[in-house]
Amino acid sequence: MEGRSRPEPWPGATEGAPVVETRALTKRFGGQLAVDGLDLVVPRGSVFGFLGPNGSGKTTTIRMLMGLIEPTSGTARVLGEEMPRGTRRVLPRVGALIEGPALYGFLSGRDNLTRFDAADPTADARTRRARVGHALDRVGLTGAAGKKARAYSLGMKQRLGLAAALLQPRELLVLDEPTNGLDPQGMREIRTLVRSLASEGTTVFLSSHLLDEIEQVCTHVAVMARGRLLIQGTVGELASSARGRLAVTTPDTAEAVRVLKEHGVNDLAVLDDRVTGELPAGPATELADLNAALVRADVRVRAFGAERASLEDAFVALTGEGFDVAG
Ligand SMILES: Nc1ncnc2c1ncn2[C@@H]1O[C@H](COP(=O)(O)OP(=O)(O)OP(=O)(O)O)[C@@H](O)[C@H]1O
């Protein structure tokens with residue numbers, strides 16, 4: 001993860017009313033609390049990652065946000081309207097891709113989109129062709145537009161679903177696990193598309209169980225576990241809440257461990273000629289002092305550096321456990 005530039009919130013990301021705001025949002029299925037007292041704030045212009053293992057309540061939350069199910073208690077506002085009461089006014093302003101697109105395999109990609117567009121009562125039939133053409137172009141499917149959808153790869157199907165969500169200009173895009181099941185190339189394509197949509201000002205709310213994906217594409221993140229929100233904020237804030245680790249490469253590992261321990265470095269570990277440990281809290285200049293102390297003790301230092309904390313480090317620090325994808 002080192003050296004990778006982290007996406008910054010887009011200009012204006014924190015201005016104005018949030019695009020999504022929930023208060024104590026709760027959904028119970030019988031005895032099961034699927035979503036438990038959720039207070040979520042999605043800033044306008046953000047690429048908001050909704051992160052959590054399978055079964056943590058992401059899809060249930062999204063279904064409440066889209067007015068598909070009613071909360072047991074609490075409120076959800078989307079684009080300023082309370083859901084599900086505002087569903088009819090809100091949904092035309094939102095593009096959603098939830099649980100894979102419903103496509104007709106025997107129709108071409110273009111004909112599938114034409115059907116979606118024709119089902120929209122606000123869509124002008126005279127400009128349909130141009131709209132469909134533009135949406136296909138947007139997701140890079142112009143060349144495959146005439147192929148039957150059943151011959152599409154999973155990634156192409158997902159992009160066609162996105163094209164359907166993009167037939168109209170949208171203020172908010174809601175994507176539930178958009179890269180699930182895709183190969184690395186397909187994932188990259190979706191990520192590129194999300195970035196380009198966001199750079200045009202569309203707020204993107206994206207659920208995922210992949211930390212790395214959130215780190216690469218999102219400006220903000222909320223972490224869910226067992227129906228509850230653990231934390232939300234910018235990706236940078238969250239990662240910097242976890243301390244980075246120091247890594248020293250040296251043939252004198254035992255002596256290095258002793259010196260580093262003396263200088264407050266915790267959780268020391270040795271693997272071959274590498275000593276790593278958790279940096280003490282404090283200003284970055286302490287790094288130079290640590291290096292000097294090693295040199296003074298005649299530790300032969302081949303490499304010395306601090307590794308930036310990743311979102312995964314933050315998650316582990318938050319929950320005390322690894323990020324278990326299987327939930
Ligand atoms: N219609 C339902 N009836 C009963 N239980 C449900 C229903 N929908 C979801 N649940 C339960 O609520 C919990 C949260 O599920 P949800 O699908 O929201 O999680 P998720 O984070 O989206 O996971 P996944 O990525 O697997 O969809 C799970 O334990 C699930 O079994």
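Two strands count as paired if DSSP finds at least two bridges between them. I kept that in mind while going through this model, which is predicted.

**Entry 1: the hairpin.** I started with strand 13 (residues 266-271) and strand 14 (residues 274-278), which pair in the antiparallel sense over 4 bridges. I looked up one facing pair and found Ala269 opposite Thr276 of strand 14. The hairpin they make has 2 residues between the strands, and Asp272 has a positive phi there, near 50°. Next I asked how many of the 6 residues of strand 13 are buried. The number is 0, so strand 13 lies largely in the open.

**Entry 2: the whole sheet.** I then followed the hairpin outward into its sheet. It is an open sheet of 4 strands in the order 13-14-12-15, with antiparallel pairing. Which strands stand at the edges? Strand 13 and strand 15 (303-307) do, each with a single partner strand, so one side of each is left without a neighbour in the sheet. On average, neighbouring strands here are turned by 15° against each other, direction ignored. A reminder to myself: strands of a sheet pair through backbone hydrogen bonds, either parallel or antiparallel.

**Entry 3: the other end of the sheet.** Strand 12 (residues 245-249) and strand 15 pair over 5 bridges, again in the antiparallel sense. I picked out Thr249, and its bridge partner in strand 15 is Ala303.

**Entry 4: the domains.** I checked how the protein chain is divided: domain 1 takes 20-240 and domain 2 takes 245-307. Their C-alpha centres lie 45 Å apart.

**Entry 5: two packed helices.** I turned to helix 3 (residues 109-118) and helix 5 (residues 154-165), whose axes come within 10 Å and cross at roughly 30°. Angles under 35 degrees count as roughly parallel, and helix 3 and helix 5 are therefore roughly parallel to each other. The crossing of helix 3 and helix 5 is right-handed. Which residues make the contact? From helix 3 I noted Gly109, Asn112, Leu113 and Phe116, and from helix 5 Leu160, Ala163 and Ala164.

**Entry 6: helix 1.** My last stop was helix 1 (residues 58-65): is it mostly covered or mostly open? It is mostly covered, with 7 of its 8 residues buried. The buried ones are Lys58, Thr60, Thr61, Ile62, Arg63, Met64 and Leu65. After helix 1 comes Gly67, and I found a positive phi for Gly67, near 75°.

Notes. Residues are numbered from 1 along each chain as its sequence is written. This is a predicted model: local features need pLDDT of at least 70, side-chain atom pairs count only at pLDDT 80 or more; totals for chains, interfaces and linings use all residues. A residue is buried if 20 or more other C-beta atoms lie within 10 Å of its own, exposed if 12 or fewer, and partly exposed in between; C-beta atoms are placed from the backbone. Domain bounds come from an automatic or database domain assignment. Axes are lines fitted to C-alpha atoms, for helices over the stretch in contact, and angles run from 0 to 180 degrees between N-to-C directions. Angles under 35 degrees count as roughly parallel, over 145 as roughly antiparallel, 65 to 115 as roughly perpendicular and the rest as oblique. A crossing is left-handed if the near helix is turned anticlockwise from the far one by less than a right angle, and right-handed if clockwise. Two residues are in contact if their C-beta atoms, placed from the backbone, lie within 7 Å.
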